[in-house]
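Here is a short tour of one protein model, with a look at how two helices pack and how some charged side chains pair up. Have the picture open as you read.

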Amino acid sequence: MQAVAPGPRTNLTAEAQWTKCPNPSCQAFVYYKRLQRNLKVCPECNYHFMLPVGERLAQLLDPGGVNTVDKSIEPVDVLGFADLKPYLARLTEFQTKTGNREAALYGPATIGGHPIFVAAIDFAFLGGSMGGAVGEAITTAAELALENRVPLLVISASGGARMQEGSVSLMQMAKTSQALARLHEEGILYLSLLTDPTYGGVSASFATLGDLLIAEPASRIGFSGKSIIEQTIRQKLPADFQTAEFQLDHGMLDLVEPRENLRNALRKILAFHAASRTAPLPRPDGQALITDPTLLQRRTAWDTVELARNIGRPNSLEYIGYVFDDFLELHGDRLYREDAAIVGGLASLGELTVMVIGQQKGHTTSEMVARNFGMPHPEGYRKALRLMQYAAKFGMPIVTLIDTPGAYPGLGAEERGQSVAVARNIFEMSRLPVPIVSIVTGEGGSGGALALGVGDRVLMMENAYYSVISPEGCAVILWKSTSAAPKAAAALRITAPDLLRLGIMDGVVPEPELGAHTDPPATAANLKTAIISTLSELLPLSRSALLEGRYSRFRRFGTAGSQPVLSEVSEGTA
């Protein structure tokens, strides 16, 4: 938790005509006024220069917001500390240099007209290190956000804990964290913006406790500094180690946003959270849900399986683009890595904000490989669960789109707890106190599908399937040959008509005669109608009614007399 040395810095005074980019692979000379217009981002290589805290706030807040911040917090030399010079002398030096009394500022502001409380750390003041006064600024901002019930934004740039304040500095990690825990308990949004650098006791406390974690490109983020780690473990670390991109790939961040996009990203998030939860839903314009199995198209089970697997079939991101008015994808499980086989984020349906989560495939071989053929790893399910818990915290309905052959069965997945991840999702979904609508859009493979399928209403597309095992797997086990897969598909009763009769499905979303891939916009319009009509039924229900109804829905399966027993139906009939 020691302070780290600052990265390359450049004298950016108004008198300077040209500035050399500190990026070793660039080092271009940039005209200073051009750099200013570009928000202190190198136009040649996109290197993000460090920003003084005043400039940072001016870029993010509505006009006049900088004038609302409190700069009066005073540091205290509790230890009488001195190294090469007394701590008080160092404080005086940095107060003169920055014009601020301490490394942190806080106060009320707005972004896009949405009220917030903001706290910001200035790296130029003693490396943004966290002593008692910095902890006081963060904690006070959190308390004011709670008192006024408005979101909190904290902007970090810090080398870590302030050594000159000893264990008092260490206590700030607990002090700030417990203030944020109160925000969490009361359902107040906390946004954390991590800028270059964010290390040590700051990264291991308030900076990484946000409901959403956002970073600028190439920001250095970690617990110990890279050089300290290399010296300790005697190992050369990758060039991108601890960068924002590294942290995003490893599941630790929701977003990495270029500086020019940051204000709009924050505004969009705040708008999602400010949306009315009682506003009327948009008027549906697609075909209504089918609840009578005799009205469905007649197809063999195997024909349906092949349609569900058609590589041209719309995937989750495409459905999200068609169905929702706006969408902000969020990333990471906060534990190990980002899993591209599951996508999710905040979405708007008219004036209603929902959390939409889906299993994602692709249309080309490279896309399918990148998405692991829609087979999530444990971290994909943990990301999904994190987003569902986020939705529950803020009272947002959840929509899940299911399209997977199953949970990934590889070595690494087993090592990282695939069964536990699937089981935990099923367990937690059963008690989330918000409406949940789950739709099987393609393949519904076993527990890997059910991990997103414990909904108040469970629907499926007309040419999707839902099964305890793949037809091929069933055929190998029971018929001793994959050639019996069509027989297995028929025997398993995995298509919409039979699942509707069994009560596994509550409704079926109609598709064009030749399948969803032949007319994705029309199919998506039907899906949107299904989601709107289903949410219209669920939104008025109380928490207790939702939970009791969800419990009863799944409680009845497998109980004699509680569900129909299917008579034999010949292949090719509905």
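## Two helices and some salt bridges

Let's start with a crossing: α13 and α15 cross in a left-handed way. Keep in mind that this is a predicted model.

So how do you describe such a pair? Two packed helices are described by the angle between their axes and the distance between the axes. For helix α13 (residues 378-393) and helix α15 (residues 418-429), the angle is about 20 degrees and the axes are 8 Å apart. Angles under 35 degrees count as roughly parallel, and α13 and α15 are therefore roughly parallel to each other.

Which residues do the touching? On the α13 side you'll find Pro378, Tyr381, Arg382, Ala384, Leu385, Met388 and Gln389. They meet Gln418, Val420, Ala421, Val422, Arg424, Asn425, Glu428 and Met429 in α15. Sort the residues of this contact between α13 and α15 by type and you get nine nonpolar, three polar and three charged.

Now for the charges. The structure holds 32 salt bridges, and here are three of them:

| Pair | Closest N to O distance |
|---|---|
| Arginine 162 and glutamate 102 | 2.6 Å |
| Lysine 383 and glutamate 338 | 2.9 Å |
| Arginine 424 and glutamate 428 | 3.2 Å |

Take the pair of arginine 162 and glutamate 102, with closest N and O atoms 2.6 Å apart. It links distant parts of the chain, 60 residues apart: arginine 162 is in the loop between β5 (152-158) and α5 (166-185), while glutamate 102 is in the loop between α3 (87-98) and β3 (104-111). Are these two buried or exposed? Buried means under 20% relative accessible area. Arginine 162 has 1% relative accessibility, so it counts as buried, and glutamate 102, at 2%, counts as buried too.

Next, lysine 383 forms a salt bridge with glutamate 338. Lysine 383 lies in helix α13 and glutamate 338 in the loop between β9 (326-329) and β10 (342-349), so this pair ties together parts 45 residues apart in sequence. With 1% relative accessibility, lysine 383 counts as buried.

Back in helix α15, arginine 424 and glutamate 428 meet in a salt bridge. They are four residues apart, so about one helical turn separates them. Arginine 424, at 39% relative accessibility, counts as partly exposed, and glutamate 428 is partly exposed with a relative accessible area of 22%.

One last thing to look for: Arg309, Lys361, Asp403, Glu443 and Glu472 are joined into one network by salt bridges that share partners.

Methods:
Residues numbered from 1 in each chain as written. Predicted model: local features only at pLDDT ≥ 70, side-chain atom pairs only at ≥ 80, totals over all residues. Heavy atoms only, no water. Axes fitted to C-alpha atoms, helices over the stretch in contact; angles between N-to-C directions. Parallel < 35°, antiparallel > 145°, perpendicular 65-115°, else oblique. Left-handed = near helix turned anticlockwise from the far one by under 90°. Contact = heavy atoms within 4.5 Å. Nonpolar A, V, L, I, M, F, W, Y, C, P; charged D, E, K, R; others polar. Salt bridge = Lys/Arg side-chain N within 4 Å of Asp/Glu carboxyl O. Buried < 20%, exposed > 50% of the residue type's maximum accessible area, 1.4 Å probe, protein only.
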